[in-house]
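Reader: Could you take me through one part of this model in close detail, and then show me some other spots that help me find my way around? I would be glad of one connected account.

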Amino acid sequence: MKKKLAVLILLLIASLVWVGSANAQDTTPPTDDEVNAIAKQLFCPVCENTPLDVCPTEACKQWRDLIRLKLSEGWTEEQIKQYFVDQYGARVLAEPPRQGWYWLIYIVPVALLLVGLYILFRAYQTMRAPLAEQPAETHAPTGLPDEYLRRIEEELKKRN
Amino acid sequence: MLADFGFGILLIAFLTALYSIGAALYGHFSRRQKWVESARLAMLLTFPLLTLASLTLIYLLVIGDFNIRFVYEVTSRDMPTYLKITALWGGQSGSLLFWSWLMSLFATAVTLRKWERDREFLPWVILVSSITIAFFLSLNIFFENPFQRFWQTFQGVEPATFRPANAIPFTAEEGRGLNPLLRHPGMVIHPPMLYLGFVAYVIPYAFAIAALITGRADDRWIRLTRRWSLTAWLFLSLGLVLGGRWAYDVLGWGGYWAWDPVEIAAFMPWLTGTAFLHSVMIQEKRGMLKRWNMILIILTYSLVVFGTFLTRSGVLSSVHAFAQSEIGPAFFIFIGITLVTSVALLIYRWDSLQAEGQMHSMFSREALFLLNNLLFMGILVICFWGVISPLISELITGQKVTVGPPYYERAAGPLFALLVLLMGIAPLSAWGHITLKNLAAQNSLELEKRYALAIARLLWKPAIPALLVLIGLLIAGITNIYALIGLTFAALTASITIYEFWRAARARERAQGENLLTALWRLAGRNRRRYGGYTIHLGVILMAIGIIGIEMFQSETQKSLAVGENIQLAGYTVRYDSLAQFPTNDGRWVTRAVVSVFDKNGQFLTELYPRYDVYADGQPMTIPGVRSTLADDLYVLLINWEGVTAQVAPFKVYHNPLVNWLWLGAFVFIFGTLIAAWPEEEREPLPTQARKTKAIYQPGD
């Protein structure tokens with residue numbers, strides 16, 4: 001009887017050790033850097049414009065702990081980010097998702113820049129059209145650096 | 001009693017500004033100079049009046065009269081006197097008063113100048129300045145009175161300007177104290193610098209409007225306000241840099257700039273102001289871009305008010321906060337009215353603002369300056385849209401979005417890189433003008449070729465060091481393509497700029513027998529604008545190197561350490577040695593760690609003391625321990641938010657390569673601006689006709 005009990009206890013301990021070691025393999029706790037890598041891409045849903053990785057509030061600490069928990073449960077980065085979006089809305093993302101009307105946020109600056117380029121191009125064309133009075137030429141062509149020195153001197157004289 | 005006195009003075013100043021507006025208008029339309037003079041004197045009077053009002057408030061802050069709501073909100077007994085004084089701009093109503101005060105200072109300074117030659121501008125400059133002062137004073141008087149007092153009524157304590165029925169004055173025992181984050185030298189100086197920059201831009205705007213109204217199409221208004229624009233720009237730049245330094249020192253996130261809307265609010269007028277600073281040169285030298293300069297200064301003024309609006313109206317936290325705030329809509333209406341009026345005036349004068357010169361090539365100075373302006377405008381659009389699109393989103397969908405650093409960096413990064421490159425090439429075009437017998441007869445493609453060749457001829461020598469830098473970077477194993485592009489551009493521009501200095505000084509050295517240093521000194525002294533400008537460019541390049549370093553090569557790590565344990569980053573080892581906690585005289589509770597830093601060979605480098613302070617009101621402040629060298633900063637934070645004990649403490653360590661070049665560059669930048677803005681005798685402008693014929697090949701255009 002005693003022998004049986006001893007074997008049972010030994011088996012139990014062995015199985016516990018085995019389960020324990022198996023668990024330990026699966027649940028290496030995520031490092032702070034792994035947590036921050038995700039938190040950095042999220043914005044605190046409460047404070048304005050504060051990335052989650054540097055927000056000192058208690059709420060944000062809990063959110064970072066939540067990221068840690070989800071990571072230890074094997075969630076991927078995308079899943080965790082999506083979880084936060086589902087919970088708190090798109091504002092937790094560092095930039096708006098590329099969908100629906102949010103596309104406008106990305107398109108408008110590019111469109112305006114193109115308009116600006118077009119205006120610049122037109123301005124070049126307009127400004128190159130000769131004016132009614134064409135200024136007369138004053139200097140004959142000369143090479144550098146004497147020409148350069150002449151200009152510097154001329155300018156300094158002018159400013160004296 | 002003093003509060004009533006202060007409010008009374010504010011009211012008188014407001015009425016004086018209103019009188020000044022009326023008298024200027026009446027004087028102009030009735031052609032009675034004495035009314036214009038009276039308007040000028042009235043505007044001069046606003047400065048002593050607002051000085052008196054501000055000094056009254058400062059006195060109340062210093063004696064700690066907690067009957068005054070503003071004093072209660074921003075000071076406490078334990079604050080040192082200098083902080084009590086600077087608390088003037090530590091809250092909404094005080095900072096609005098401070099704004100008006102500085103504005104009246106600048107308006108006074110400008111009206112004290114000699115007006116003989118520009119008398120027709122006077123009523124309009126007074127009008128614009130007085131309207132701006134009156135608007136800001138109206139905010140103080142109607143919505144945000146800094147002299148508002150607390151009153152005890154049957155319902156409880158309430159703040160009010162005038163005594164409610166059956167109320168007696170109520171004085172709190174202790175004030176709430178200034179936000180700890182603002183008790184930093186950087187934050188003490190940063191707002192006045194920004195405000196000085198903001199208000200100084202009102203002056204060129206006022207002259208521009210005066211020029212539009214009077215129909216003077218020449219560049220007189222630009223010449224008159226050149227130094228004002230530079231002063232405004234200097235202060236705004238200083239304000240931005242100090243803000244960045246403050247963030248780096250006290251916000252504890254390892255950076256200097258987070259693309260926060262409040263930062264962008266101050267950055268936007270700087271962008272248009274910088275574009276303006278460049279494009280006015282083209283108007284002065286070539287009589288071109290007149291309309292564009294008007295647009296730029298109108299935009300700058302609107303952005304100055306818009307920036308104040310963004311930070312003061314609560315619109316950033318939510319559109320609803322804006323709707324509830326009383327000053328938000330007032331700002332909105334003011335910006336709308338001034339913008340529409342300015343644009344209407346510009347349209348009215350559109351035809352008279354025609355260019356006097358002609359552009360010869362895509363590589364001419366005016367073309368490159370226009371490109372520079374486009375890049376600045378591009379960055380402005382990105383910033384403006386980034387700030388307002390979350391507000392639009394909230395209005396349309398009811399849901400706020402965050403437009404954070406990735407958006408700005410991706411969009412503005414390439415434009416900044418191009419600006420750095422252009423900064424090197426555009427000045428060369430000054431020498432790139434080819435002297436041709438008859439430009440009109442030239443084939444335009446041939447002309448482009450000649451211009452491009454002229455620039456290329458000047459470019460090849462400075463390009464060699466830039467190429468060497470690129471090779472060096474590749475050998476050093478840097479593979480980040482953006483960093484390679486950015487640093488090569490920076491190297492090229494630096495090399496061109498230094499070569500320009502050297503070439504000019506060398507030419508003088510040979511010709512005049514001066515030694516190189518004397519030659520440099522004389523050059524800079526006699527053409528302050530150009531060589532000051534080049535010095536500013538060198539400063540910007542240094543800053544760009546710092547920015548590229550920290551933006552692209554920053555690394556970080558975080559770990560909880562037991563005493564004796566260490567953390568490694570970028571070849572450094574940081575060992576946690578000990579922890580101490582103690583109170584200070586000013587009511588802080590300090591938790592301070594001692595860490596040792598070792599290099600990769602295990603050599604001891606230094607000890608750092610990262611700490612966090614908890615103020616009496618429970619607000620924490622994280623102060624990094626930083627080891628600074630020209631190569632990098634090792635920035636160690638003791639992060640209070642993860643729980644600190646004497647045995648185990650969490651540390652966050654940032655490695656910020658090259659970041660000190662940013663601060664170094666800022667000094668060079670300011671030095672350059674001082675060279676460019678240093679007063680020199682005002683020269684008579686050439687008559688328009690003379691400029692037209694002479695200016696095309698003006699040396700150094």
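Author: What follows is a walk through the second largest pocket, the helices beside it, and then several helix pairs and single residues.

Please keep in mind that this is a predicted model.

Let us begin with the pocket itself. The second largest pocket has a volume of about 1,300 Å³. Its lining is made up of 41 residues, and the closest to the centre are Ile119(A), Trp292(B), Ile295(B), Trp350(B) and Met377(B). You will see from the letters that both chain A and chain B appear among these central residues.

Which helices supply the lining? Helix H5 of chain A, residues 103-128, gives at least two residues of the lining of this pocket, and so does each of three helices of chain B: H11 (290-312), H13 (327-348) and H14 (365-397). The largest share comes from H5(A), with 11 residues of the lining. As for chemical character, the lining residues divide into 30 nonpolar, 8 polar and 3 charged.

Two of the helices that supply the lining, H5(A) and H14(B), also pack against each other, at an angle of about 160° and with their axes 10 Å apart. Angles over 145 degrees count as roughly antiparallel, and therefore H5(A) is roughly antiparallel to H14(B). The crossing in which H5(A) passes H14(B) is right-handed.

It helps to set H5(A) in its chain. Chain A holds 6 helices and 0 strands, so reading from the N terminus you meet the elements α-α-α-α-α-α. Chain A has 160 residues, of which 32% count as buried.

Within chain A there is another helix pair to look at. Helix H2(A), residues 32-39, and helix H3(A), residues 58-72, pack at an angle of about 110°, and their axes are 9 Å apart. The range for roughly perpendicular runs from 65 to 115 degrees, so H2(A) and H3(A) are roughly perpendicular to each other. Their crossing is right-handed.

Chain B offers a helix pair of its own. The axes of H6(B), residues 122-143, and H8(B), residues 202-214, come within 8 Å and cross at roughly 135°. That angle makes H6(B) oblique to H8(B). H6(B) passes H8(B) in a right-handed crossing.

Now for some single residues, starting with two that sit in helices of chain B. Pro427(B) has its place in helix H15 of chain B, residues 405-432. Is Pro427(B) buried or exposed? Its relative accessibility is 9%, and because buried means under 20%, Pro427(B) counts as buried. If you look for a neighbour from elsewhere in the sequence, Leu368(B) is 59 residues apart from Pro427(B) along the chain, while the C-alpha atoms of the two are separated by 9.0 Å.

Arg245(B) belongs to helix H9 of chain B, residues 220-251. At 29% relative accessibility, Arg245(B) counts as partly exposed. His190(B) is 55 residues apart from Arg245(B) in sequence, and C-alpha to C-alpha the two are 9.6 Å apart in space.

Next come the loops of chain B. Gly564(B) is found in the loop between strand E4 (555-562) and strand E5 (566-569) of that chain. With a relative accessible area of 45%, Gly564(B) is partly exposed. Tyr576(B) is 12 residues apart from Gly564(B) along the chain, and their C-alpha atoms are separated by 5.5 Å.

Two further loop residues deserve a look at their backbone angles. Which sign does phi take at Arg31(B)? Phi is positive there, about 55°, although Arg31(B) is not a glycine. Arg31(B) lies in the loop between helix H1 (2-29) and helix H2 (33-63) of chain B. Its relative accessibility is 77%, and because exposed means over 50%, Arg31(B) counts as exposed.

Asn166(B) is not a glycine either, and has a positive phi of about 60°. You will find Asn166(B) in the loop between strand E2 (157-160) and strand E3 (168-169) of chain B. At 63% relative accessibility, Asn166(B) counts as exposed.

To return to where we started, the pocket of about 1,300 Å³ takes the largest share of its lining from H5(A), the helix that packs at about 160° to H14(B).

Terms used. Residues are numbered from 1 along each chain as its sequence is written. Chains are lettered from A and ligands numbered from 1 in the order in which they are written. This is a predicted model: local features need pLDDT of at least 70, side-chain atom pairs count only at pLDDT 80 or more; totals for chains, interfaces and linings use all residues. Side-chain values use heavy atoms; hydrogens and water are left out. On a 1 Å grid over the protein atoms alone, a cavity is a set of points where a 1.4 Å probe fits but cannot get out, and a pocket is an open set with protein on both sides within 12 Å along at least five of seven lines; lining residues have an atom within 4 Å of a point. Grid points are joined across faces, edges and corners, and a volume is the space filled by probe spheres set on the points. Helices (H or I, at least four residues) and strands (E, at least two) are DSSP runs, numbered from the N terminus. Ala, Val, Leu, Ile, Met, Phe, Trp, Tyr, Cys and Pro count as nonpolar, Asp, Glu, Lys and Arg as charged, and the others, Gly among them, as polar. Buried means under 20% relative accessible area, exposed over 50%, partly exposed in between (1.4 Å probe, protein chains only). Axes are lines fitted to C-alpha atoms, for helices over the stretch in contact, and angles run from 0 to 180 degrees between N-to-C directions. Angles under 35 degrees count as roughly parallel, over 145 as roughly antiparallel, 65 to 115 as roughly perpendicular and the rest as oblique. A crossing is left-handed if the near helix is turned anticlockwise from the far one by less than a right angle, and right-handed if clockwise.
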